[in-house]
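Work through the exercises below with the coordinates open. Each task is followed by a stepwise solution.

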Amino acid sequence: MTRNKKTVLLHFLFALVLLWMAFFWKCPSKALLGIPCPGCGLTRAHKMALQFRFQEAFSYHPLFPVAIPTLLYLIHYSVLPWRLPKWAEWVLGILIAIAFFGLYGYRMVTDSVFRAEGGLSLFSLLIN
């Protein structure tokens, strides 16, 4: 299989996964444990952004603008005509991970969004 066919197939599979997530995806962490994962709200945030409802999108997950470019870079980094230096990839990866887990920790402690979605937070678990 040529490189172009692989890229087209990868894009097609990526689109199928996105469509499946948009209509059928339920967070495994939330479904099994009742506690949302760090990515909870990303699908809904992107759906709201596609409807130009950006305030609601940011309320679901403020880091939603970072997710798609990061995934696209990770998928295509080997075929891009340019590539970030290795150290920059590591620094950006660490900063993105810190941002996602920092936001997750904040949301779990402050009970900000997860209670409205019917989920539990660390705060509500400690009180009850």
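A salt bridge is counted when a side-chain nitrogen of Lys or Arg lies within 4 Å of a carboxyl oxygen of Asp or Glu. The model is a predicted one, in which local features need pLDDT of at least 70 and side-chain atom pairs count only at pLDDT 80 or more, while totals for chains, interfaces and linings use all residues. Residues are numbered from 1 along each chain as its sequence is written, and side-chain values use heavy atoms, with hydrogens and water left out.

**Exercise 1. Find the salt bridges and state which residues form a network.**

Step 1. Apply the criterion to the structure: the result is 3 salt bridges.

Step 2. Take Glu-89 and Arg-83. They form a salt bridge in which the closest N and O atoms are 2.9 Å apart.

Step 3. Take Lys-86 and Glu-89. Their side chains meet in a salt bridge at 3.9 Å, N to O. Both residues lie in helix 6, 3 residues apart, about one turn of the helix. Helices here are DSSP runs of H or I with at least four residues, strands are runs of E with at least two, and both are numbered from the N terminus.

Step 4. Join the pairs: Arg-83, Lys-86 and Glu-89 are linked in a network of salt bridges.

Step 5. Take Arg-53 and Glu-56, which form a salt bridge with the closest N and O atoms 2.8 Å apart.

As background, side chains of opposite charge can pair when their charged atoms come close.

**Exercise 2. Classify the salt-bridge residues as buried, partly exposed or exposed.**

Step 1. Set the classes: buried means under 20% relative accessible area, exposed over 50%, and partly exposed in between, using a 1.4 Å probe and protein chains only.

Step 2. Glu-89 counts as buried because its relative accessibility is 19%.

Step 3. Arg-83 has 39% relative accessibility and therefore counts as partly exposed. Lys-86, at 53%, counts as exposed.

Step 4. Arg-53 is partly exposed, with a relative accessible area of 36%. Glu-56 is also partly exposed, at 32%.

Step 5. List the contacts of Glu-89, where contact means heavy atoms within 4.5 Å. Leaving aside neighbours within four places in sequence, Glu-89 is in contact with Tyr-73, Arg-83 and Leu-84.

**Exercise 3. How many disulfides does the model contain?**

Step 1. State the rule: a disulfide is a pair of cysteine sulfur atoms within 2.5 Å.

Step 2. Apply the rule. The count comes to 0 disulfides.

Step 3. Classify two cysteines by accessibility. Cys-37 is partly exposed because its relative accessibility is 24%, whereas Cys-40 is buried, at 6%.

**Exercise 4. Describe the nonpolar surface patch and the chain surface.**

Step 1. Fix the patch rule. Patches are made of residues with over 30% relative accessible area and no salt bridge; like charges are joined within 9 Å, and nonpolar side chains (Val, Leu, Ile, Met, Phe, Trp, Tyr) within 5 Å. Accessible areas come from the Shrake-Rupley method with a 1.4 Å probe, and for residues only the protein chains shown count as cover.

Step 2. Collect the members: Trp-87, Trp-90, Val-91, Leu-92, Ile-94, Leu-95 and Ile-98 make a nonpolar surface patch of about 790 Å².

Step 3. Check one member. Leu-92 is placed in helix 6 (residues 86-110), and with a relative accessible area of 41% Leu-92 is partly exposed.

Step 4. Turn to the whole chain, which exposes about 9,100 Å², with carbon and sulfur atoms supplying 74% of it. Buried residues make up 23% of the 128 residues.

**Exercise 5. Summarise the fold elements, a backbone outlier candidate and the confidence.**

Step 1. Count elements: the protein chain has 7 helices and 0 strands.Step 2. Locate Phe-52. This residue is found in the loop between helix 3 (42-50) and helix 4 (54-60). Its phi is near 60 degrees, a positive value in a residue other than glycine. Phe-52 counts as exposed because its relative accessibility is 65%.

Step 3. Locate Pro-65, which lies in helix 5 (residues 64-76). The C-alpha atoms of Pro-65 and His-46, 19 residues apart along the chain, are separated by 8.3 Å.

Step 4. Read the confidence as pLDDT, the predictor's confidence in each residue, from 0 to 100. The protein chain averages a pLDDT of 79, and 77% of the residues score at least 70. Confidence is lowest in helix 7 (residues 122-127), at a mean of 50, and highest in helix 6, at 91.

Key: Contact means heavy atoms within 4.5 Å.
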